[in-house]
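Trainee: Got a minute? I'd like to go through this structure with you and ask how we know what we say about it.

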Amino acid sequence: MGDRILVVEDEEKLSRFIELELSYEGYEVEKAGDGRSGLAMAEAKPFDLILLDIMLPELNGLEVLRRLRRFAETPVILLTARDSVMDKVTGLDSGADDYITKPFAIEELLARIRTALRKKKAEGSGGATPGVLHMGRLTLDVPRYSATMDQTPVELTKREFDLLKILMENAGIVLTRDILLERVWGYNYLGETNSVDVYIRFLRGKIDDAFGVKYIHTVRGVGYTMRVEEEAR
Ligand code: CA
């Protein structure tokens, strides 16, 4: 299966051209026509790389990038029509891996994509291990059933561990109480529905409060989500 690339570009003709060329190279391509839907797609499932236009309707590319970086390290190549030094500096500051100025030769774009993917894989083979989840300073080693903050072990009950695992696997995505209840407690759970809130409070005590971070967020009236926010020291 080819690497999965998300193309966020509002110029339909260009977007289709890129899709065609990338598919021909064996990549799996999905497209978004504006910033908001691009971000939503990136939140909904993992991509190996994102091509992100800067001038986009709804949410501009730099804003999409800023929000994306709260939950994903996916390599991003910015597409910019403006050959402006400012955009490039802002883009790279916001966490882009590379940028390419339109109009570009497709061979040039393909070369940049290969470089970014190679870099990601080289980093991945050093750091990422299957079954090990990361969120800021927090690491969850699923096969070993252990949680550590920096190197400090965090003692969790099975229920807390399962809840944390689901939240980390879905980082950046809001999970409703019902979904959490179903996935952690099981479909036939007949206990209190506020169990989720109780266990979220336990996790906050052991992670956010204990280490002065803010990873577990309440989305009022909906549920909970995990993302890294600046540390509240
Ligand atoms: Ca555009």
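Trainee: What makes Asp 10, Asp 53 and Met 55 the residues that coordinate the calcium ion?

Mentor: Keep in mind that this is a predicted model. The atoms in play are OD of Asp 10, OD of Asp 53 and O of Met 55, at 2.1 to 2.3 Å from the calcium ion. For calcium an N, O or S atom is a donor within 3.2 Å, so these atoms qualify. Water is not among the atoms, so the site may look incomplete.

Trainee: What spacing do the donors of the calcium ion follow along the chain?

Mentor: It reads D-x42-D-x1-M. Asp 10 sits in the loop between β1 (4-8) and α1 (12-24), and Met 55 in the loop between β3 (49-53) and α3 (61-68), so the pair ties together parts 45 residues apart in sequence.

Trainee: Why are Asp 10 and Met 55 called partly exposed?

Mentor: Buried means under 20% relative accessible area and exposed means over 50%. Asp 10 has 33% and Met 55 has 46%, so both fall in between.

Trainee: And how do you know whether Glu 21 is buried or partly exposed?

Mentor: Use that cut-off again. Glu 21, in helix α1, has 22% relative accessibility, so it counts as partly exposed. In space, its C-alpha is 8.9 Å from that of Leu 110, though the two are 89 residues apart in sequence.

Trainee: On to the helices. Why are α6 and α7 called oblique to each other?

Mentor: The axes of α6 (residues 158-169) and α7 (residues 177-185) cross at roughly 125° and come within 10 Å. Roughly perpendicular covers 65 to 115 degrees and roughly antiparallel starts over 145; the crossing of α6 and α7 fits neither, so the pair is oblique. The crossing is right-handed. On the α6 side, the contact is made by Arg 159, Asp 162, Leu 163, Ile 166 and Leu 167; on the α7 side, by Leu 180, Arg 183, Val 184 and Trp 185. That contact divides into six nonpolar, no polar and three charged residues.

Trainee: What makes α6 roughly perpendicular to α8?

Mentor: Here the axes cross at roughly 85°, again coming within 10 Å, with α8 covering residues 195-211. That angle lies in the 65 to 115 degree range, so "roughly perpendicular" is the right label. Arg 159, Glu 160, Leu 163, Leu 164 and Leu 167 of α6 meet a set in α8 including Tyr 199, Phe 202 and Lys 206. By class, the α6 and α8 contact has nine nonpolar, no polar and three charged residues.

Trainee: What is unusual about the backbone?

Mentor: Most residues other than glycine have a negative phi, and most peptide bonds are trans. Tyr 145, in the loop between β7 (138-141) and β8 (146-149), has a positive phi near 55°. Asp 150, in the loop between β8 and β9 (152-154), also has a positive phi, near 55°.

Trainee: How do you know which kind of peptide bond joins Lys 102 and Pro 103?

Mentor: Omega is about -5° there, and the bond is cis. Pro 103 is in the loop between β5 (98-101) and α5 (106-127).

Trainee: And how many helices and strands does the protein have?

Mentor: Eight helices and twelve strands. Of its 233 residues, 43% are buried.

Conventions. Residues are numbered from 1 along each chain as its sequence is written. This is a predicted model: local features need pLDDT of at least 70, side-chain atom pairs count only at pLDDT 80 or more; totals for chains, interfaces and linings use all residues. Side-chain values use heavy atoms; hydrogens and water are left out. Donors are N, O and S atoms within 2.8 Å of the metal (3.2 Å for Na, K and Ca); water is not among the atoms, so sites may look incomplete. Helices (H or I, at least four residues) and strands (E, at least two) are DSSP runs, numbered from the N terminus. Buried means under 20% relative accessible area, exposed over 50%, partly exposed in between (1.4 Å probe, protein chains only). Axes are lines fitted to C-alpha atoms, for helices over the stretch in contact, and angles run from 0 to 180 degrees between N-to-C directions. Angles under 35 degrees count as roughly parallel, over 145 as roughly antiparallel, 65 to 115 as roughly perpendicular and the rest as oblique. A crossing is left-handed if the near helix is turned anticlockwise from the far one by less than a right angle, and right-handed if clockwise. Contact means heavy atoms within 4.5 Å. Ala, Val, Leu, Ile, Met, Phe, Trp, Tyr, Cys and Pro count as nonpolar, Asp, Glu, Lys and Arg as charged, and the others, Gly among them, as polar.
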